[in-house]
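Visitor: I'm new to reading protein structures. Could you walk me through one?

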Amino acid sequence: MTLWLENEGEYSFDFSCEDIAAQVIRETMHQENCPYEVEVTLVLTDSEDIRRANREFRGIDRETDVLSFPAVDFAAPAHYQTVEEQEDIFLDPDSGELILGDIMICVPRLRSQAAEYGHGEKREYAFLIAHSLLHLLGYDHMETDEAAQMEAKQEQVLNALGIGR
């Protein structure tokens, strides 16, 4: 697994951002039966930059907690046949890893949500990564049943890692 971590605001936490991200990525890929090692870019940013990205890429002019930029347009969530059919496009030619996509996390929003929900920043950070990884794998939460499925999967990942509320 390759994790490219960009901490744009040089934010500090009482945990290792790289270690927690790597744990969440590994566990999510394990639970989603991903047959590939993956490459993920994770950007920790501020409210202004995530708002600009949200406006530019989604046409929504407001701050958000996390944005996901999938590299693969899965035919169905975690349907790896999409990758198998075009490995030359989706696999890094040097490492053979699946280029899964990019995640942007708004650190000020992460911190306010952790306080609002009454749990630590580590839990919110891990949750946002798990949530975004599921989006990178093609999951969505536009419908009630989709939202319930994503919530269950996110909790399963966090529980497996012992990262509770």
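Visitor: Among contacts in the protein between residues at least 6 apart in sequence, what percentage join residues at least 24 apart?

Guide: Sure, and keep in mind that this is a predicted model. A contact here means heavy atoms within 4.5 Å. Take the contacts between residues at least 6 apart in sequence; the share joining residues at least 24 apart is 72%.

Visitor: What order do the elements of the protein run in, from the N terminus on?

Guide: There are seven helices and four strands to place. Reading from the N terminus, you get β-α-β-α-β-α-α-β-α-α-α.

Visitor: What radius of gyration does the protein have?

Guide: Start with the chain, which has 165 residues. A compact globule with that many would come out near 15 Å, and the protein agrees with this, having 15 Å.

Visitor: Is T64 buried or exposed?

Guide: Let's find it first: T64 sits in the loop between helix 2 (47–58) and strand 3 (66–70). Buried means under 20% relative accessible area. T64 has 14% relative accessibility, so it counts as buried.

Visitor: Which residues is T64 in contact with, leaving aside its neighbours within four places in sequence?

Guide: One partner that we skip here is D65, whose side chain is joined to that of T64 by a polar contact of 3.5 Å. With the neighbours within four places set aside, the contacts of T64 are I50, N54, C106 and R109.

Visitor: How far apart do the centres of the positive and negative side chains lie?

Guide: The two sets hold 12 positive and 35 negative side chains. Their centres are separated by 9 Å.

Terms used. Residues are numbered from 1 along each chain as its sequence is written. This is a predicted model: local features need pLDDT of at least 70, side-chain atom pairs count only at pLDDT 80 or more; totals for chains, interfaces and linings use all residues. Side-chain values use heavy atoms; hydrogens and water are left out. Helices (H or I, at least four residues) and strands (E, at least two) are DSSP runs, numbered from the N terminus. The radius of gyration is taken over C-alpha atoms; the globule rule is 2.2 Å times the number of residues to the power 0.38. Lys and Arg count as positive and Asp and Glu as negative; His and the chain ends are not counted. The place of a charge is taken as NZ of Lys, CZ of Arg, CG of Asp or CD of Glu. Buried means under 20% relative accessible area, exposed over 50%, partly exposed in between (1.4 Å probe, protein chains only). A polar contact is a pair of N or O atoms within 3.5 Å; within protein, one must be able to donate a hydrogen and the other to accept it, and residues adjacent in sequence count only if both atoms are side-chain atoms.
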